[in-house]
Amino acid sequence: MGNALSNLVKLLQNSPIEDFQSILAQAKVTAKDVQGHCFFSDQYYTRNLVCADKHFELIVLCWRGKQRTPIHDHNNSEGWLKVVEGKVTETIYEWDKILKKANLQNTISHVELEPGGTSHVNDDMGVHTICNPSTQDSITLHLYAPRIEKCHYVDTKNASIKEKILGFYSIAGKPQADS
Ligand SMILES: [Fe+2]
C-alpha cells in the first residue's frame, strides 16, 4: 500500500466519523499511492477494496472513459469521494428515502471534479450517478461510513428501484476469482 494511502487508513482508524470529510479533503493521495489497487475493465468501472474497518470502508474506483454508475442511494451511509486522477462528474437527484423513490426531473446538483476535488453524499441529499465524462481513464477514492454492502439503484428502462449487493473487483490488491 502506498505510504500516503496507509497513512490515510491509519488516520481514519483513529478518528471519529465527524472528521472524515476534512481528512479525505486534506489527504494527498496520488495515482502512484493507489497503483496496487488499480484494475481497469472495458466492461464496467471496477470497485477495489483498500480497507474495511468496523466503521468504514475505503475503496478505489477505476473508470475507463465514459463508464458510469447507475443512479443509486447509499443505504443510510455517508459517502465521500476524492478524484485521484482524471475527472468525473457527479449528478445528484431528489430522493425520497422512506418511499425509495427518485425524482429524476429534479437535479439537485451537477459538478465536474478534477484531481483533488471532493464531494459528499448521503440519502438525505439525494441519489447520485458518477461518470467519467472523458475518453481518458480516471481513478477515484471513496470512503463510506458505515460500510455499504448493498444499495438501491434506478433501473432507467422502467424507472423501478432495484437492490444490488455490492462486490469488489479486487480486495487488498488481489483480483477476486468471480470478478
Ligand atoms: Fe455513490
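**Exercise 1.** Identify the residues with the most contacts inside the largest nonpolar core, and the elements that supply this core.

*Solution.* Step 1: the largest nonpolar core has 28 residues, and those with the most contacts inside it are Val29, Val34, Val50, Leu58, Val60, Leu141 and Leu143. A nonpolar core is a set of buried Ala, Val, Leu, Ile, Met, Phe, Trp, Tyr and Cys residues joined through C-beta atoms within 7 Å. Buried means that 20 or more other C-beta atoms lie within 10 Å of the residue's own; exposed means 12 or fewer, and partly exposed lies in between, with C-beta atoms placed from the backbone.

Step 2: at least two core residues come from each of helix 1 (3-13), helix 2 (20-26), strand 1 (46-52), strand 2 (57-63), strand 3 (78-85) and strand 8 (138-145). Helices (H or I, at least four residues) and strands (E, at least two) are DSSP runs, numbered from the N terminus.

Step 3: strand 2 gives the most, with six residues.

The model is predicted: local features need pLDDT of at least 70, side-chain atom pairs count only at pLDDT 80 or more, and totals for chains, interfaces and linings use all residues. Residue numbers start from 1 along each chain as its sequence is written.

**Exercise 2.** List the contacts of Leu141, leaving aside its neighbours within four places in sequence.

*Solution.* Step 1: two residues are in contact if their C-beta atoms, placed from the backbone, lie within 7 Å. Step 2: by this rule Leu141 touches Val29, Val34, Leu58, Val60, Leu81, Lys82 and Val84.

Step 3: a second, separate core has five residues, including Trp95, Ala102, Val127 and Val154.

**Exercise 3.** Describe the open sheet of seven strands and explain what is special about its edges.

*Solution.* Step 1: the strand order is 6-3-8-2-1-11-12, with mixed pairing. Two strands pair if DSSP finds at least two bridges between them.

Step 2: strand 6 (118-121) and strand 12 (174-175) are at the edges with a single partner strand each, so one side of each has no neighbour in the sheet.

Step 3: strand 3 and strand 6 run antiparallel and are joined by four bridges. Gly79 has Val121 in strand 6 as its bridge partner.

**Exercise 4.** Do the same for the open sheet of three strands.

*Solution.* Step 1: the order is 5-4-7, with antiparallel pairing. Step 2: strand 5 (101-113) and strand 7 (127-131) are the edge strands; each has a single partner strand, so one side of each is left without a neighbour in the sheet.

Step 3: nine bridges join strand 4 (residues 88-96) to strand 5. Thr89 stands opposite Glu112 in strand 5.
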